[in-house]
Amino acid sequence: MIDRIMSKRDKQKAEELNEIRSYDGPPVRIMEVCGTHTHEIFKLGVRQILPPQVTLISGPGCPVCVTPVDYIDKAIYLALEKQVTICTFGDLVRVPGSQGSLANARAKGGKIQIVYSPLDAADYAVEHPEEEVVFLSVGFETTTPASCLAAKRAREAGISNFSLLVANKTMPSAYRALKDSVDVYLYPGHVNAIMGTDTCRELVQEGVSGVVAGFTAEDIIHAMATILKRYAQGEPFFENCYEQVVKPDGSPGARKLMERWMEACDTEWRGLGVIPGSGMRLKEEFRDMDAEIKFAVPKMQGSAPTACRCGEVLQGKCLPTECGLFGKACNPLHPVGACMVSGEGACSAYYNYGSR
Amino acid sequence: MDKTVTLAHGAGGKQTNELIDQVFKKHFSNPDLTSDDAAVLSLDTEKIAFTTDGFIVSPQEFPGGNIGKLSICGTVNDLACMGARPRYLSCAFVIEEGYSMEKLERIASAMEKTAAEAGVRIVAGDTKVAGKGQVDGVFITTTGIGTLQEGVRTSGFSARPGDAIIVSGDIGRHGLTILLAREDLGIDAEVTSDCAPLWECVESMLGVTQDIHVIRDATRGGVGTVLYEIAEQSGVGILLDRAKIPVQESVQGVCGMLGLEPLYLACEGRLVVFAPRQYAEKLVEVLHTLKPSAQAAIIGEVTEDQPGRVVVTTEIGAQTLLPPPGGELLPRIC
């Protein structure tokens with residue numbers, strides 16, 4: 001029985017691969033918005049089977065890549081000048097700020113603790129009442145609810161040594177900001193699992209097509225085949241190819257949690273500049289847990305390395321291989337720009353999986 | 001006997017003797033292990049292989065083994081990869097003050113069992129106790145001597161275009177077991193270490209042919225790192241077939257969640273073998289008869305083009321570079 005199901009799935013995959021290879025419709029620019037998709041698409045070698053008129057653009061959906069330089073500078077300031085314990089996801093540690101990364105700050109005696117979940121950071125603060133603990137809260141709709149949960153846990157535990165340096169972002173404003181350089185979005189299924197599909201449907205009204213996709217090889221192939229089939233028909237479209245996980249109204253519980261703790265604000269995206277209303281910050285009543293306010297962090301003039309073209313890469317205006325630093329001064333062991341640091345960044349994907 | 005190891009156990013007096021008698025001699029006893037300053041051995045061969053390795057794994061006990069088992073496997077497998085039958089081992093312990101005697105005994109007991117399995121004798125040893133915080137639990141260094149089988153010349157420089165590449169079992173289990181035991185990831189997966197002595201596997205392959213070009217055990221850095229090393233040393237390209245690489249479902253699942261590549265997770269009981277194509281099926285067949293290599297598979301071939309690179313044929317038939325090794329294993333964040 002299982003064999004028969006498998007062979008049916010294999011057969012569908014083979015048919016879809018054929019459809020993709022033999023696409024003869026008009027030229028189309030597809031942007032995969034999410035870093036996990038970027039990574040999987042490179043790992044599978046999807047670009048190799050695409051006809052020449054299909055262009056895949058790696059979008060700004062890697063939270064590490066779009067975190068601006070001054071955010072890293074602020075985190076380093078907190079670690080070295082205010083002697084707080086920084087709790088962070090591992091990827092952020094090697095991202096260069098204006099002068100060095102958090103890894104350099106650690107070498108200078110800064111206390112940098114790697115965590116796998118925001119809740120671990122809150123627990124750490126509970127267990128270490130003698131330390132001031134700051135969690136570096138970055139990420140999209142997929143990680144923001146967990147940051148809110150961490151704030152909630154700290155509040156419930158009655159501790160006052162925990163705060164967040166918040167740079168969370170929301171995807172819908174980025175979709176709108178980039179829509180002129182894209183024909184079809186490959187939407188990240190886990191973001192839609194929280195946010196639902198309303199924004200995607202609204203964008204269809206504005207002429208922007210899209211498909212929600214999961215993350216396995218089958219999911220991605222299925223979504224690509226769907227995109228090409230629908231694009232050839234000529235009308236703007238939206239399709240949810242990840243229905244087993246993504247419901248039209250997403251996860252109301254997670255959204256309610258975010259709405260309780262955070263509110264929208266303007267925020268800077270590395271490479272894209274300030275996008276109004278695309279950021280999240282703690283609400284007024286929780287500002288005592290906002291590390292920027294709590295430690296009176298001064299304004300930083302974050303300066304990115306001048307020759308680095310991460311900004312253009314993130315907008316799909318430049319291929320990583322077109323940057324003069326790529327593979328030379330900038331490589332995964334010695335990254336210059338954020339897109340080379342994160343395993344999800346377009347530059348590291350081009351470097352790691354070969355550029356062909 | 002005391003419940004924990006104290007500095008006095010390392011001072012050379014009565015308590016040192018007690019520790020040696022009740023823990024180490026009890027488990028390692030054999031005719032070649034004497035109280036003299038050095039073991040006197042005789043070997044019936046022209047050439048020997050000689051190697052040493054230090055073990056500092058934390059936690060010291062993990063699903064599928066402990067640091068003791070690991071310290072035997074690591075060294076006997078290095079000998080086996082040279083085509084040498086492991087014969088004698090020495091072991092040196094550095095133990096942290098306050099370490100549990102019961103745990104130490106479990107470690108020694110695992111060493112006894114694994115040495116017997118591997119057919120080696122522990123013939124010399126040393127024990128030091130370091131102050132609290134100076135070592136993490138217990139560090140073990142083992143050094144081994146093996147007798148080289150005549151006619152066998154394996155080396156990382158000997159891979160040739162056309163060679164088949166065999167891996168002796170499913171990959172990545174040891175590395176993932178340690179990662180899950182060490183980090184509080186909140187992931188409950190049934191993964192045990194693949195840690196095992198492998199001379200038996202090598203011996204059975206040499207029974208098929210002595211013309212095996214490369215044998216490596218894929219320890220730290222995993223199978224991927226070994227493949228890059230060999231591609232570099234032999235100046236050849238490597239083409240893998242993703243669908244043929246054996247990976248346990250639970251390992252695949254956790255790797256997917258954390259964004260890890262199983263090819264870069266450590267193994268402690270897996271061989272990577274390069275041999276002329278015509279022997280490949282037969283080699284896999286004999287490997288399948290032995291427990292540690294029951295999942296052996298041909299995973300790829302050596303190519304003339306793209307020297308120094310490891311390329312993977314993906315499940316959609318495209319070819320991508322295996323990302324070169326480097327950097328820490330950092331779980332992805334979304």
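# Exercises on a two-chain predicted model

Of the 334 residues in chain B, 46% are buried (20 or more other C-beta atoms within 10 Å of the residue's own; 12 or fewer is exposed, anything in between partly exposed; C-beta atoms are placed from the backbone). The model is predicted: local features need pLDDT of at least 70, side-chain atom pairs count only at pLDDT 80 or more, and totals for chains, interfaces and linings use all residues. Residues are numbered from 1 along each chain as its sequence is written, and chains are lettered from A and ligands numbered from 1 in the order in which they are written.

## Exercise 1. Overall form of chain B

Task: Compare the radius of gyration of chain B with the globule rule.

Solution:
- Step 1. Chain B has 8 helices and 13 strands (DSSP runs numbered from the N terminus: H or I of at least four residues for helices, E of at least two for strands).
- Step 2. The radius of gyration of chain B is 21 Å, and the rule gives 20 Å for 334 residues, so chain B is as compact as a globular protein of that length. The radius is taken over C-alpha atoms, and the rule is 2.2 Å times the number of residues to the power 0.38.
- Step 3. Along the principal axes, the C-alpha atoms of chain B fill a box of roughly 65 × 55 × 30 Å.

## Exercise 2. The open sheet of chain B

Task: Find which strands stand at the edges of the sheet in chain B.

Solution:
- Step 1. The strand order is β8-β10-β7-β11-β9-β12-β13 in chain B, an open sheet of 7 strands with mixed pairing. Strands pair if DSSP finds at least two bridges between them.
- Step 2. β8 (214-217) and β13 (319-321) of chain B each have a single partner strand, so one side of each lacks a neighbour in the sheet.
- Step 3. On average, neighbouring strands of this sheet are turned by 25° against each other, direction ignored. Axes are lines fitted to C-alpha atoms, for helices over the stretch in contact, and angles run from 0 to 180 degrees between N-to-C directions.
- Step 4. Strand β12 (residues 310-313) of chain B pairs with β13(B) in the antiparallel sense over 3 bridges. Within that pair, V312(B) stands opposite T320(B).
- Step 5. Helix α8 (residues 280-288) of chain B packs on the sheet, touching β7 (163-167), β10 (271-276) and β11 (297-303) of chain B, and its direction makes about 15° with that of β7(B).

## Exercise 3. Domains and core of chain A

Task: Work out where the largest nonpolar core lies relative to domain 1 and domain 2 of chain A.

Solution:
- Step 1. The domain assignment of chain A gives domain 1 (65-170 + 250-294) and domain 2 (310-353); such bounds come from an automatic or database domain assignment.
- Step 2. The centres of these two domains of chain A, taken over C-alpha atoms, are separated by 25 Å. Their contact takes 10 residues from domain 1 of chain A and 12 residues from domain 2 of chain A (contact: C-beta atoms, placed from the backbone, within 7 Å).
- Step 3. The largest nonpolar core has 115 residues, of which A75(A), I86(A), L102(A) and V134(A) touch the most other members. Such a core is a set of buried Ala, Val, Leu, Ile, Met, Phe, Trp, Tyr and Cys residues joined through C-beta atoms within 7 Å.
- Step 4. Helix α12 (residues 217-233) of chain A gives the largest share of this core, 8 residues.
- Step 5. Domain 1 and domain 2 of chain A both give residues to this core, so the core lies between them.

Methods: Contact = placed C-beta atoms within 7 Å.
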